[in-house]
Amino acid sequence: MRTKTLKKNKINVVTLGCSKNVYDSEVLMGQLRANNKEVVHEEEGNIVVINTCGFIANAKEESVNTILEYVQKKEQGTVDKVFVTGCLSERYKPDLEEEIPDVDKYFGTTELPGLLKALGADYKHELIGERLTTTPKNYAYLKIAEGCDRPCSFCAIPLMRGGHKSTPIEELVTEAEKLAADGVKELVLIAQDLTYYGLDLYKERKLADLLKALVKVDGIEWIRLHYAFPTGFPMEVLKVMKEEPKVCNYIDIPLQHIADPILKSMRRGTTKAKTTKLLKEFRNAVPEMTIRTTLIVGYPGETQEDFETLRDWVKEMRFERLGCFTYSHEENTHAFNLEDDVPEEIKMDRANEIMEIQSQISWELNQQKIGNEYKIVIDRKEGNYFVGRTEFDSPDVDNEVLVDASKHYLKTGEFTTVKIYEAEDFDLYGEPI
């Protein structure tokens, strides 16, 4: 006769939203593992922690639907407890507690010790850099700062993440060393604003100094920059990028718009002329650099003329990588006081038009790569292909290089050199050499 055993709790962490949330989930999981808790990422578990996004309408809807899904599982008895953390619960905690009371407890973005306590764990201060990474083993996100001091009219991030707070260089180096020891070869530097890094701690912008420290970490081969703000960009970063092979010739610099009336209303602190000059300086300093940007169409008051200014500028600048989003009217932001006066249909038409232009630009730029050789890293095997990336491509958002797995064997997480023989809008096909 079998004796009844006590069921051991398994904590399932579910991550929604951006790479900053991925990082936060990994830190949470590292803390739980250090407390000898069984923890999984987006698998089955009787205790669920949902790390939510509250940035724009679609993300909020996805977060609410996920919470409701797990509350229903709790009612059915397949889940014992549901906890909610992240940006949505930071921003809307009272509303959520009232609307979805069956969640065991809601936590904001800065309440990790409280969340751990609710999960029967202690916050361990000594665990700097200890994370349970959820990305493929060859790359990891390195969050160099939290929060944002920028006054952008459309953005709710300061409401959810607070003011800018840089992590000291020595702590980031320690974290990078631990990641490298675990086999990570590529660091993707993330923050709400990389440009501002160091101003709060060191009274000057220190992104270049941070890069110089990180390139010394053995085992790290690529360092990639995400989410730089155009105003006040520290130009010495370009010198480091040019001189240090480990720093990828790549930058993600979300520009949002280019028509001066919209930039002014968005409170971006720049103009079309200044932005265009900055990008030309980027190109002159590092001609081989890939620039990724994101744009918003349908912002309050965006006229057809404003959109055409943006559209023509996209054609002129020929960005290697570009994403376009429709404006989301967010309460408690400065722009919420404006009338959301561009119809949804027009927003979508404008976004589609920009992306069609970008698709053609991307195809043309990719054709120029045929016959060239590139160092790539293999992220995964998918169907009949090994899927890799060049230094000009960030995980999940950019182009990929496909290698026929029926003809060649490659190891995931390893670097190899390929020659490109075919190119589409967003994918390249290569053969190892």
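Author: Before we look at any single residue, a word on naming: a helix here is a DSSP run of H or I with at least four residues, a strand is a run of E with at least two, and both are numbered from the N terminus. The model you see is a predicted one.

Reader: With that naming in hand, how many helices and strands does the protein have?

Author: The protein has 13 helices and 18 strands. Along the principal axes, its C-alpha atoms fill a box of roughly 75 × 55 × 45 Å.

Reader: What radius of gyration would a compact globule with 433 residues have, and what does the protein have?

Author: A compact globule of 433 residues would have a radius of gyration near 22 Å, and the protein has 23 Å, which agrees. Contacts add to this picture: among those between residues at least 6 apart in sequence, 74% join residues at least 24 apart.

Reader: How should I read the word "buried", and what share of the residues in the protein is buried?

Author: A residue is called buried when its relative accessible area is under 20%, exposed when over 50%, and partly exposed in between. By that reading, buried residues make up 53% of the 433 residues in the protein. The accessible surface of the protein comes to about 19800 Å², and 48% of that surface belongs to carbon and sulfur atoms.

Reader: Let us take one element: which residues of helix 12 are buried?

Author: In helix 12 the buried residues are Asp 306, Phe 307, Leu 310, Arg 311, Trp 313, Val 314 and Met 317. They lie on the same side of helix 12, because the arc they cover around the axis is only 165 degrees. On the other side of this helix, Glu 305 and Glu 316 are exposed. Among the elements that cover the buried residues are helix 10 (260-266), helix 11 (272-285), strand 12 (290-297), strand 13 (321-326) and helix 13 (344-367).

Reader: How far apart are the end C-alpha atoms of helix 12?

Author: They are 20 Å apart, and this agrees with the span of 20 Å that its 14 residues (304-317) should have at 1.5 Å a residue.

Reader: What should I know about the sign of phi?

Author: Most residues other than glycine have a negative phi. Just after helix 12, however, Arg 318 takes a positive phi of about 50 degrees. Arg 318 sits in the loop between helix 12 and strand 13, and it counts as partly exposed because its relative accessibility is 28%. Lys 203, also not a glycine, has a positive phi of about 65 degrees; Lys 203 lies in the loop between helix 7 (199-202) and helix 8 (207-214), and at 68% relative accessibility it counts as exposed.

Reader: Which residues does UniProt list for "binding site"?

Author: The unreviewed UniProt entry lists Cys 148, Cys 152 and Cys 155 under that name, and such annotations may be inferred rather than shown by experiment. Cys 148 lies in the loop between strand 7 (145-146) and helix 5 (157-161), and Cys 152 lies in the loop between strand 7 and helix 5.

Reader: Is Cys 148 buried or exposed, and which residues does Cys 152 touch?

Author: Cys 148 counts as buried, at 12% relative accessibility, and Cys 152 is buried with a relative accessible area of 11%. Not counting residues up to four places away in sequence, Cys 152 touches Phe 229, Met 266, Arg 267 and Arg 268. With residues up to four places away again left out, the contacts of Cys 148 include Ile 157, Pro 158, His 164 and Asp 193.

Technical notes: Residues are numbered from 1 along each chain as its sequence is written. This is a predicted model: local features need pLDDT of at least 70, side-chain atom pairs count only at pLDDT 80 or more; totals for chains, interfaces and linings use all residues. Side-chain values use heavy atoms; hydrogens and water are left out. The expected span of a helix is 1.5 Å times one less than its number of residues. Buried means under 20% relative accessible area, exposed over 50%, partly exposed in between (1.4 Å probe, protein chains only). The arc is that of the directions from the helix axis to the C-beta atoms. Contact means heavy atoms within 4.5 Å. The radius of gyration is taken over C-alpha atoms; the globule rule is 2.2 Å times the number of residues to the power 0.38. Accessible areas come from the Shrake-Rupley method with a 1.4 Å probe; for residues, only the protein chains shown count as cover.
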